[in-house]
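Here's a quick tour of a single chain, written for someone who likes angles and distances. Have the viewer open as you read.

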Amino acid sequence: MRVHFSWVLALLLAGCQITQPENQTTSETNGELASQSDSAVVQASATQKKDDTTKVKKPKVILPSEQDDVWQRIGMQLSIGIPHNKSVDYYRTWYLKHPNHLQIVAERAKPFLYLITTKIEDRGLPLELALLPIVESAFDAFAYSHGSAAGLWQFVPSTGKMYGLEQNFWYDGRRDVDAATDAALDYLSVLGERFNGDWYQAIAAYNSGGGRISSAIRKNQRLGKPTDFFSLDLPDETTGYVPKLLALADIIAHQKKYGISLPEIPNRPVLQLVDPEEQLDLAIAAKYAGMTVKELQSYNPAYNQWATSPDGPYQLLIPVGRVDEFVANVDKHRGSGMKLIRYQVESGDTLSVIAQKHNTTTKVIQTANSLTGNTIRVGQYLMIPTAVKDDKAYALTASNRLAKLQSLARGQYKIDHTVRDGESLWTIARSNNVPYRSLAKWNGMSPIDTLRVGQKLVIWKTSSDGAIIRTVFYEVRNGDTLSDIANRFKVKTGDIIEWNEMSNQKYLQPGQKLKLYVDVTKVSV
């Protein structure tokens, strides 16, 4: 037993000696691996540090809202896509060859482009729509087209009313930049849905109506033709409308590529909408804001007269830096924003005559004097809201804009025409041998507008067949008649009447001065 035990013990001791080196080797191996691993970590760390020091930092991505220029903000977000199309190429070339046009447009856009851009972003609509006022009106807030369309977004009266834009003697919402932008985006949103997100078709429909685009699509479907915008049979104006917009979008997104630089428009609010909650004379409102009447009117072209509308809206776009001053003055002088005069009714006066004298409306006089009807009596006193300044101070009222338009019309001589019963633009144009569209334009009208008896029109006539027209002032002598004078100067009796606004005058008076436009190649004067 002892021997056997000793033998077992010897075997155990030998086993310990055999396994011990193995454990030692494993331990050494593990230590070597650990050492190698540590070295790798140190080396990797060193390499990482080296990479960090040599790595080029990527430039920070500037978001559209962080851009310095609104044009850049728009250019970064264009999404409709620019196709390779000869019409787009044509209009791109045109814009690039006429950089002055874009310079003028950019200057006009400065007060309004930020406001329009943020409204479009808020609705998630394509930013190309911010460029539509360029195509529609060249960003002229006072623009009035041959089709009776008005404002930056060129709403015709019916569509404007459909989208909530009031139009009356005092106010035309189609020229209210804030309200009309909302209305235009409402309309475009409806069109975008109607045409299933095809913005080429939706934008075309904004120009010529959804019904016309849908009809063109159905026609192509019947004929087995493609129904994309460029395949549709549309009026020439609409066919060019979408390519114009796409060409503009391409240029604005790639100004450097095309070697063009638009005047920068700061990417921050320019104007703020303020509602004083009462009617204000524009001269008083301008004084409250510390600015000129003309500047205030340029931001608020919707107001046709010398004041905001008596029944509202009263809202005004005010430069952001002047809002606090404006609001403080409105609150301080609450109720003093209009001037009232005390007028005594004279023989022959009616409410409409009095309203016309004071550039207001019958309704305003009725409201100011609590009148329920049109009856007034001689000697009665009426309180009439009246402009605090001379008419010339309100340079951009409808009447002053029209006067400027008429004075800028080109022609050899001007005729003042008073509309008579039964006349139309077409008959007046024909009798004076002028284009009726030109006659409408000279008088700030649409060719389809109706006339009212007594309305004053301007007619510009050019000399022809070598005629040389001169203005002659003739003093009436005893025995003179209109026909005698007309024969002497080779002009028409009716023209003398028109030139001198004599429609209600029966007889000539000796010493009376008459203005005549005489062809000096036919008559010696």
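What follows goes from the overall picture to helices, ring pairs and a few backbone oddities.

## The big picture

Keep in mind that this is a predicted model. The chain averages a pLDDT of 85, and 84% of its residues score at least 70. One stretch to treat with care is residues 1-44, where pLDDT stays under 50 and the model has 0 contacts beyond four places in sequence. Where pLDDT is low, the predicted coordinates should not be read in detail.

As for the fold, the secondary structure comes to 21 helices and 8 strands. The chain has 525 residues, of which 44% count as buried. Take the contacts between residues at least 6 apart in sequence: 67% of these join residues at least 24 apart.

## Helix α5, wrapped up

Helix α5 covers residues 113-123, and 8 of its 11 residues are buried, so the rest of the structure largely encloses this helix. The buried ones are L113, Y114, L115, I116, T117, T118, K119 and I120. Yes, there's a lysine in that list: K119 is one of the buried residues of α5.

What does the covering? Elements over the buried residues of α5 include the helices α2 (70-75), α4 (99-109), α6 (132-137) and α8, along with strand β2 (316-319). Just after α5 comes G124, which takes a positive phi of about 70 degrees.

## Helix α10, two-sided

Now for a helix with two faces. Helix α10 runs over residues 210-223; at 1.5 Å a residue, its 14 residues should span 20 Å, and its end C-alpha atoms are 20 Å apart, so the two agree. G210, I213, S214, A216, I217 and N220 are buried in α10. These residues cover an arc of only 160 degrees around the axis, which puts them on the same side of α10. The background is simple: an α-helix has 3.6 residues a turn, so residues three or four places apart point the same way.

On the other side of α10, R222 and L223 are exposed. The cover over the buried residues of α10 includes α8, α9 (199-208) and α11 (236-253). After α10 comes G224, whose phi is positive, near 75 degrees.

## Rings and a charge

The structure holds 12 aromatic pairs. One of them joins Y90 and Y91, an edge-to-face pair at 5.0 Å centre to centre with 85 degrees between the planes. The partners sit in contrasting surroundings: Y90 counts as exposed because its relative accessibility is 52%, while Y91, at 19%, counts as buried.

Then there's Y163 with Y187: the ring centres are 5.1 Å apart and the planes meet at 40 degrees, so this pair is tilted. The pair links distant parts of the chain, 24 residues apart, with Y163 in the loop between α7 (157-162) and α8 (177-194) and Y187 in helix α8. Y163 is partly exposed at 22% relative accessibility, whereas Y187 is buried at 14%. Ring pairs also tie F155, Y163, Y187 and Y206 into a cluster. Elsewhere, the charged end of R342 sits over the ring of Y381, 3.6 Å from its centre.

## Backbone oddities

Which peptide bond is cis, with omega near 0 degrees? The one from G312 to P313. P313 is found in the loop between α13 (293-299) and β2.

Two residues other than glycine take a positive phi here. Q154 has phi near 50 degrees, and this residue is in the loop between α6 and α7. Q154 is buried, with a relative accessible area of 12%. N196 has phi near 55 degrees and lies in the loop between α8 and α9. At 72% relative accessibility, N196 counts as exposed.

## A look at N400

N400 sits in helix α17 (residues 398-408). Is N400 buried or exposed? With a relative accessibility of 17%, N400 counts as buried, because the cut-off for buried is under 20%.

Leaving aside neighbours within four places in sequence, N400 is in contact with D391, K392, Y394 and A395. As for Q305, this residue is 95 residues from N400 in sequence, and the C-alpha atoms of the two are 9.4 Å apart in space.

Key. Residues numbered from 1 in each chain as written. Predicted model: local features only at pLDDT ≥ 70, side-chain atom pairs only at ≥ 80, totals over all residues. Heavy atoms only, no water. Phe/Tyr/Trp six-rings, centres within 6.5 Å; stacked < 30°, edge-to-face > 60°. Buried < 20%, exposed > 50% of the residue type's maximum accessible area, 1.4 Å probe, protein only. Helix = DSSP H or I, 4+ residues; strand = E, 2+ residues; numbered from the N terminus. Lys NZ or Arg CZ within 6 Å of the ring centre and 35° of its normal. Contact = heavy atoms within 4.5 Å. Expected span 1.5 Å × (residues − 1). Arc of directions from axis to C-beta. pLDDT = per-residue confidence, 0-100.
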